[in-house]
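The exercises below are meant to be worked with the sequence and the model side by side. Try each task before reading its solution.

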Amino acid sequence: MSRILSSLILLLSAITLSAQTKYTISGYVREKSSQESLPGVAVVNLKTKSGTVTNNYGFYSLTIPADSIDLFVTYVGYQPYKAKFVLTKDTTITIELGVVELNTVVITDEQTERVSDGTQMSTVSIPIEQIKAIPALLGEKDVLKVVQLMPGVHAGNEGSSGFYVRGGGADQNLIILDDATVYNAYHLFGFFSVFNGDALKSVELTKGGFPARYGGRLSSVLEMQMKEGNKQEFHGEAGIGIISSRLTLEGPIIKGKSSFLVSGRRTYIDALIYPFLPPDQKFGYFFHDFNAKVNYDVNENNRLYLSGYFGKDKFYAKFNGGPGGASDKASMDWGNATATLRWNHLWTDKLFSNTSFIFTNYTLGIGYEEHYQNDDFTLKYSSGIRDFSLKHDFDFAPSPDHFIKFGVVSTYHRFNPSAIVVRSSYAPDNMLKQKILEAYESGIYIEDDWRLTDRLKINLGFRLSHFNTQKKHYFRPEPRVAARFMLDENSSLKACFTIMNQYLHLLSNTGVGLPTDLWVPATANVAPQQSWQVAMGYARDIPKYKLMVTAEAYYKQSSDVLGYKDGASFLLVGDFEEGSEISWEKNVTSGTGESYGFELLVQRKVGKFTGWVGYTLSWTWLQFDSINFGKKYYARQDRRNDISVVGIYNLSDNITISATWVFGTGAAITLPQAEYSVVDHDPASGQQVLPQNNWQWFVSDYGEKNSFRMEAYHRMDVGVQFRKQMKHWERTFEVSFYNLYNHKNPFFYYIGYNNSGTERRLKQVSLFPIIPSVSWTIKF
Amino acid sequence: MKKILYFLPLFFLAFTACEQDANVDVPEVDPELVINCFITPQDSIIRAKISLSQPVFGSTINNGPLTDATVTLYGNSSSVLLTYNANTDSYEAAASTFPILGGNEYHIVVSIPSGLNADAYTIVPSAPVNFTSTMNDTITNQDPSGYEGQARITYSFDDPAGQQDFYRFVPYHVSYAQWSIDTSFQRVGWELYTDDNADGTRISRNFTSYYYVYNGDSILAIDVYLMHGNYDYYSFHKSIENYSGDNPFAEPTLIYTNVNNGLGIFAAANGVYRRHWR
């Protein structure tokens with residue numbers, strides 16, 4: 001009898017085990033003082049080692065068996081949250097994390113962020129606080145320049161914010177701010193990025209292993225989230241630097257329910273020099289940008305966010321008082337505007353959705369006016385791109401073993417490659433030329449982060465993308481796979497495979513982010529660019545030293561990448577004096593690209609001493625049938641060795657010192673080696689023995705394309721920040737030196753002469769010598 | 001206006017830029033022989049220009065025409081020595097003594113007393129067949145000092161099937177000027193194209209040339225040549241057509257060469273010629 005009974009108990013317990021009741025813990029993770037939601041926060045049940053991370057809106061959902069729970073929530077720079085309780089029902093917990101005060105020893109053995117756990121590889125996230133501590137050119141803190149310090153990423157030119165990821169072109173990076181694509185992310189001809197660190201909450205760069213939710217570019221996704229604004233108290237930050245001033249204000253609209261953030265920045269060199277210019281000759285340059293965001297918690301299950309970015313650069317020149325009252329005026333201005341309206345909705349504690357309506361616009365305008373006696377001439381040139389998108393994303397967390405994301409996005413692109421308006425009193429006909437191109441780009445995706453065993457986790461994803469332009473439809477499937485295998489508690493092996501498609505092309509001659517760079521759609525003649533990438537890596541957390549180490553090798557092959565035919569120039573896609581249009585399709589050619597390399601990153605995000613060391617070894621090739629006579633050649637951005645070292649040290653509560661050092665192999669460029677003259681064939685002179693009618697051409701011999709290497713680039717920047725708590729605010733005074741040891745890095749080469757003018761020499765123009773800068777910031 | 005645009009990016013650079021000798025090894029190359037020779041079955045004289053290239057870095061050399069080169073053309077199981085003609089600065093031989101034949105391969109060999117030598121091979125294509133052309137000439141505007149007009153040449157020919165073919169269409173204005181006793185020939189551009197997407201078909205094209213004629217002068221005719229060139233002929237002309245010199249905002253153009261041990265071009269074409277009297 002007792003035997004039967006014990007068998008029954010065994011059986012019952014087995015059933016209860018298999019049909020064990022599960023409950024869901026869900027909620028938001030917020031910053032304690034501001035109530036700002038925190039994305040990317042790890043939420044783990046230490047008991048089962050199962051966990052999740054918060055999404056972009058700070059939401060998490062974890063479904064686990066009813067049992068005692070040891071909940072551990074951590075985020076870089078914040079005090080971890082710990083809670084032990086018994087889970088007996090679905091539970092909503094809003095978790096508030098407090099900022100770690102500087103130099104406070106975090107009382108935990110756990111590392112706050114781990115690289116070995118996730119399936120996602122080839123991703124780096126950079127804390128905004130680190131971005132703000134790293135010394136910058138002229139004191140202008142720049143997100144993109146910090147991104148350039150990561151392995152696998154490098155800058156195009158000296159001082160440029162443009163970046164190249166794993167050998168991809170500068171146009172192959174998807175830069176998104178609050179879901180909106182930013183088409184030209186640069187101010188001042190590429191020297192500064194448009195992103196104002198004061199307004200940003202998070203920055204994450206994905207170089208490979210792209211999750212299925214991302215699409216549209218081949219090489220990287222740089223996703224930035226704007227801060228929401230403090231829901232509890234009014235705060236602000238103001239700064240004065242060498243070239244610009246900035247001001248950020250944030251605070252509650254309805255306490256605890258709704259908040260706003262506005263942040264602006266403007267340069268003032270134009271205002272300073274204006275009074276010193278002669279009255280008949282005025283010129284100047286400025287840029288400004290403005291970020292704004294408001295959000296409203298409608299109720300527990302619904303939230304609304306409205307955010308926008310508006311930025312502009314303008315260069316102008318005016319000349320008056322010429323003979324006969326002649327005057328002329330020229331100007332060039334360009335800028336982005338983005339707006340995003342988002343609605344978060346919690347359907348159940350396992351299903352979260354976000355719906356975004358997104359607008360983005362980039363325009364370049366050139367104006368010229370001439371007045372002489374009674375004649376007037378006016379010319380206006382403009383180009384740009386405008387998008388309207390609708391995006392609907394779902395996060396579904398049915399069990400700790402599955403985290404599913406799915407959604408759909410559709411974008412209407414309106415391209416204006418060139419619009420020209422000419423008014424002239426010589427010719428009564430006003431000229432107006434404009435050709436608008438329209439395109440629709442859509443994607444539907446699903447991905448599942450699936451824990452197969454304690455050691456093995458995979459992320460399976462699939463995206464189907466569609467592009468429609470000029471009656472041509474492109475449907476492209478994009479499978480995405482990533483896997484992680486835990487070797488031991490702190491180390492894992494990872495691998496991933498992705499296919500990406502890019503339906504927009506950037507026409508640019510310099511790759512440095514000039515405002516004239518122009519986005520155009522794939523067409524029936526110019527196919528979308530496509531790439532596949534495979535990467536393998538090793539990730540290790542070293543909790544003892546709070547170090548994260550990743551080593552990755554990758555191989556990427558791209559097809560239908562865009563190249564420019566010899567002699568092609570896209571300074572403007574249209575000769576506005578003639579009113580004619582240059583057919584860009586005839587000036588481009590499609591080819592293949594290949595890049596492979598190895599990246600090592602040792603990073604420390606917490607403690608008194610933070611920073612990272614990155615090393616990249618890479619090769620990048622291109623091959624086009626009509627360039628370099630079909631032979632493959634090194635891309636300009638091919639860079640064999642690249643090293644970056646970043647160190648930030650909190651000397652005391654009030655003093656932070658920081659330094660960066662970068663080294664990179666020189667760019668591959670084409671340099672003339674010799675000159676000679678040739679004539680073309682003149683059929684008439686040969687056949688009829690006429691006087692020769694052929695033309696003489698004085699040409700250069702360049703050897704093979706990009707066969708010359710520029711000098712290796714290296715530079716060190718240092719900075720020190722002094723903070724002081726005043727009565728009503730905290731002030732930070734910063735002194736920094738860009739290019740501390742004054743290394744003259746070449747910006748470009750040209751062929752000049754020696755001092756006596758007898759022999760030609762290769763001359764270099766370098767831009768930035770040692771540049772000291774100071775800035776002063778107050779926070780209240 | 002365009003100058004202002006070029007100037008814009010330099011505005012910022014002007015404040016900080018600094019110039020100096022580059023701290024990097026420059027490509028050290030020696031002068032090389034430059035061959036410049038086109039052969040066609042129609043030409044009555046075979047002509048080659050020979051010179052030296054001027055290395056960009058290093059001392060200046062004489063890069064004018066060389067007069068002491070030995071230039072030999074091989075082909076037709078024979079060879080001919082081209083001799084220097086100071087009037088044309090070229091090495092020449094009469095085609096009557098050494099015919100250039102469609103389908104044959106030719107080999108040019110050049111050496112100079114300093115020891116440099118270079119050579120190149122090229123194969124002569126067949127002539128375009130069934131070539132027909134017509135001209136439609138209209139005067140579009142007249143003013144007190146003359147008149148302007150346009151001559152539209154429409155032509156067609158059979159493209160050989162199963163191979164890539166290259167064509168160059170070259171029109172000339174044959175004109176008479178009152179101040180001159182000679183008829184003058186002025187080349188008015190050229191058009192280069194391939195038979196891509198039209199292999200083996202009858203290719204039809206047109207070309208419009210615009211002109212202005214002052215009172216007292218006249219344009220007598222439009223001469224047209226359609227050259228069926230080989231790959232060398234096409235690639236070379238394509239690259240010089242693309243050549244944009246030192247425009248810093250344009251991609252540098254690599255000039256096509258098929259010369260071993262040197263630079264320049266040895267290419268062949270086979271053409272047809274028509275005159276359209278006005």
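**Exercise 1.** Does B:Asp89 count as buried, partly exposed or exposed, and why?

*Solution.* The model is a predicted one, in which local features need pLDDT of at least 70 and side-chain atom pairs count only at pLDDT 80 or more, whereas totals for chains, interfaces and linings use all residues. Residues are numbered from 1 along each chain as its sequence is written, while chains are lettered from A and ligands numbered from 1 in the order in which they are written. Next comes the scale: a residue is buried if 20 or more other C-beta atoms (placed from the backbone) lie within 10 Å of its own, exposed if 12 or fewer do, and partly exposed in between. B:Asp89 counts as partly exposed because it has 16 C-beta neighbours inside 10 Å. B:Asp89 sits in the loop between β6 (78-85) and β7 (90-94) of chain B, where strands (E, at least two residues) and helices (H or I, at least four) are DSSP runs numbered from the N terminus.

**Exercise 2.** Describe the backbone and surroundings of B:Asn130.

*Solution.* Most residues other than glycine have a negative phi. The phi of B:Asn130, however, is positive, near 55 degrees, and the phi of B:Asp89 is likewise positive, near 55 degrees. B:Asn130 belongs to strand β10 (residues 129-143) of chain B, and it counts as exposed because 9 C-beta neighbours lie inside 10 Å.

**Exercise 3.** Work out how β8 and β9 of chain B are arranged, and which residues of β9(B) lie on its covered face.

*Solution.* Begin with the pairing, for which DSSP must find at least two bridges between two strands. Strand β8 (residues 105-111) of chain B and β9(B) are antiparallel and share seven bridges, and B:His107 stands opposite B:Tyr121 of β9(B). The two strands form a hairpin with five residues between them, and in its turn B:Gly115 has a positive phi of about 105 degrees. In a regular strand the side chains alternate between the two faces of the sheet. In β9(B), residues 117-123, the covered face carries B:Ala118, B:Ala120 and B:Thr122, and the uncovered face carries B:Asn117, B:Asp119, B:Tyr121 and B:Ile123.

**Exercise 4.** Identify what covers the buried residues of helix α2 of chain B.

*Solution.* Helix α2(B), residues 231-242, has twelve residues and reaches 16 Å from its first C-alpha to its last, close to the 16 Å expected, the expected span being 1.5 Å times one less than the number of residues. The buried residues of this helix include B:Tyr233, B:Phe236 and B:His237. Their cover includes β9, β12 (166-176), β14 (191-194), β16 (218-229) and β17 (262-277) of chain B.

**Exercise 5.** Find the residues with the most contacts inside the largest nonpolar core, and then follow one of them outward.

*Solution.* A nonpolar core is a set of buried Ala, Val, Leu, Ile, Met, Phe, Trp, Tyr and Cys residues joined through C-beta atoms within 7 Å. The largest has 80 residues, and those with the most contacts inside it are A:Val143, A:Val147, A:Phe163, A:Leu200 and A:Met224. Leaving aside neighbours within four places in sequence, A:Leu200 is in contact (C-beta atoms, placed from the backbone, within 7 Å) with A:Ile128, A:Val143, A:Phe195, A:Met224, A:Met226 and A:Lys227. A second, separate core has 58 residues, among them B:Ala118, B:Val170, B:Phe236 and B:Ala267.

Methods
Contact = placed C-beta atoms within 7 Å.
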